[in-house]
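Welcome! Take a moment to look over the chain before reading on, and keep the 3D view open beside this text.

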Amino acid sequence: MTKILAHIDEFGTNSIQVHKDGVSSHFLICATLIKEENLVSGQKIIDQVRKTHFQNSEIKSSKVKRAHHARRLTILNDLNEIDFTIYVIVVDKKEIDSEGLSIKQSFYKYFNKLLVTDLNRINSKITFIADQIGTAEYQKSFQKYIENEVTQYDLFNETKLFEFSDSKENNLVQLSDFIVGSLAKCFDTKHFQEHSSDYLKLLKDKLNVRFWPNNVGNYLRTDKETENFDPKIADLSLNLVKDYIAKNEKKVETDITAQIYLLKYLMLIQKVSPHYFIQTHELMDKLKNEIGLEYSIRLFRKNIIGNLRDNNVIIVSSNSGGYKLPVNKSDLTEFVNRYNSILQPMLSRMKKCRDSILLGSMHEIDILEYPEYQSLKEIIELKK
């Protein structure tokens, strides 16, 4: 398995007094993951970004002013040339009701543990590198905590590490800083910007988001009801997805792992680009490249999409190809039309076949006489 480096940085304060000035509404912890073989090319791009946009100084999100949307988008576009993946946990601090998480050390340890645990489930050869926090003594105790709680060392998993690095000396920690700072403008209500959804759209192919807690409201857009967006339909589709994830996320079967990963991505895309149909090959590539699961088109449609639909998850598809979660009646109508265009000709052919045999046998032979065909028989008889 390919060795991966995960560089971690955070946005926001640990304080849960979100009503106070200077206290972020959300806390984000972000890892940018890059394969070892992509390090050299990635470093070259970051060096060029530092030279072009930061006068060779440290890349920091805070150096780009709130109003400079175009500049931030240009920098993100340049960084997006790097072959890397983003995993971010977005914490809605107003939902925290644990006294333990009100303690600074416990807060940071808990969410770092959550992030490391999530990524370790996907790949066992990740080295975690975080921006320096606190004293050297605190960093040592923090590292020991993570290693004892999550990254258990053994003969088969000896590459797992959690370490700290000074962002001034580590370009890839600077990458995480800029990414998490940009994403904060999409999720933190006190830093939200009018065009911040542009950042999500730009990074969507690399982006994986976990909302904590996993409330459907975090995935819903704030659009008012229009012809193109119906919150009732969007809410229904998300609730069905959430229900499936809640019932199955602790299972270890390969297909279920792929299904849940896919659903989380579809939820994110619904929030970022609600009218975008994700092509089959895009979803298959994402499963292959990010969690190492490879499917043929037939098995993908049968074991992943088909099984989810059998379990009451509404995933719509279009005649032009691709899948999405529905957000309006037109999505549902297109889905029905697609199946109607397949089913109606098939039913018509079956009816012609049955009618010909009935007529030719003087109604002695009915190919739908068996009990298992009763429902089909009733449908076909309605086509008279």
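This report walks through a sheet, a pair of helices, some salt bridges and a few single residues. Please keep in mind that the model is predicted.

**The sheet**

Let us begin with the strands. Six of them, in the order E5-E4-E1-E2-E3-E6, form an open sheet with mixed pairing. At the edges sit strand E5 (161–165) and strand E6 (207–212), each of which pairs on one side only. From one strand to the next, the twist averages 20°.

Now look at strand E1, residues 4–11. How many of its 8 residues are buried? The count is 7, so strand E1 is mostly covered. On one side, strand E1 runs antiparallel to strand E2 (residues 26–35), and 8 bridges join the two. You can find two of the opposite pairs yourself: Leu5 has Ile34 of E2 as its bridge partner, and Ile8 stands opposite Ala31 in E2. Strand E1 also pairs with strand E4 (residues 126–131), this time in the parallel sense and over 5 bridges. There, Ala6 stands opposite Phe128 of E4.

Strand E2 is mostly covered as well, with 9 of its 10 residues buried. Besides its pairing with E1, strand E2 pairs with E3 in the antiparallel sense over 8 bridges. A pair to look for here is Leu28, which stands opposite Val90 in E3. As you follow any strand, it helps to know that side chains in a regular strand alternate between the two faces of the sheet.

A helix accompanies these strands. Helix H3 (residues 104–122) lies across E1, E2, strand E3 (85–92), E4, E5 and E6, and runs at about 35° to E2.

**Two helices that meet**

Two packed helices are described by the angle between their axes and the distance between the axes. What are these values for helix H9 (residues 280–291) and helix H10 (residues 297–310)? Their axes come within 11 Å and cross at roughly 85°. Helix H9 is therefore roughly perpendicular to H10. Where they touch, Thr280, Leu283, Met284 and Leu287 of H9 meet Ile297, Phe300 and Arg301 of H10. The residues of this contact divide into 5 nonpolar, 1 polar and 1 charged.

Helix H10 has further neighbours. Its buried residues are Phe300, Asn303, Ile304, Ile305, Gly306 and Leu308. These buried residues pack against helix H7 (231–248), helix H8 (254–272), H9 and E8. Just after H10 comes Asn312, with a positive phi of about 75°.

**Salt bridges**

Side chains of opposite charge can pair when their charged atoms come close. The count of salt bridges in this model comes to 13. The table shows three of them, with the N to O distance and the relative accessibility of each partner.

| Pair | N to O distance | Relative accessibility of each partner |
|---|---|---|
| Arg210 and Asp118 | 2.9 Å | Arg210 25%, partly exposed; Asp118 9%, buried |
| Asp205 and Lys204 | 3.3 Å | Asp205 47%, partly exposed; Lys204 12%, buried |
| Asp230 and Lys232 | 3.5 Å | Asp230 8%, buried; Lys232 53%, exposed |

Salt bridges can also share partners: Arg354, Asp366, Lys377 and Glu381 are joined into one network in this way.

Go back to the pair in the top row, where the side chains of Arg210 and Asp118 meet in a salt bridge. Which parts of the chain does this pair tie together? Arg210 lies in strand E6 and Asp118 in helix H3, so the pair links parts that are 92 residues apart in sequence.

**Two residues to find**

Try Ser318 next, in the loop between strand E7 (316–317) and strand E8 (323–324). Is Ser318 buried or exposed? Its relative accessibility is 2%, and because buried means under 20%, Ser318 counts as buried. Leaving out residues up to four places away in sequence, Ser318 touches Phe277, Glu334 and Arg338.

Finally, find Gln344 in helix H11 (residues 329–360). With a relative accessible area of 33%, Gln344 is partly exposed. Gln344 and Lys383 are 39 residues apart in sequence, and their C-alpha atoms are 9.7 Å apart in space.

Terms used:
Residues are numbered from 1 along each chain as its sequence is written. This is a predicted model: local features need pLDDT of at least 70, side-chain atom pairs count only at pLDDT 80 or more; totals for chains, interfaces and linings use all residues. Side-chain values use heavy atoms; hydrogens and water are left out. Helices (H or I, at least four residues) and strands (E, at least two) are DSSP runs, numbered from the N terminus. Buried means under 20% relative accessible area, exposed over 50%, partly exposed in between (1.4 Å probe, protein chains only). Contact means heavy atoms within 4.5 Å. Two strands pair if DSSP finds at least two bridges between them. Axes are lines fitted to C-alpha atoms, for helices over the stretch in contact, and angles run from 0 to 180 degrees between N-to-C directions. Angles under 35 degrees count as roughly parallel, over 145 as roughly antiparallel, 65 to 115 as roughly perpendicular and the rest as oblique. Ala, Val, Leu, Ile, Met, Phe, Trp, Tyr, Cys and Pro count as nonpolar, Asp, Glu, Lys and Arg as charged, and the others, Gly among them, as polar. A salt bridge is a side-chain nitrogen of Lys or Arg within 4 Å of a carboxyl oxygen of Asp or Glu.
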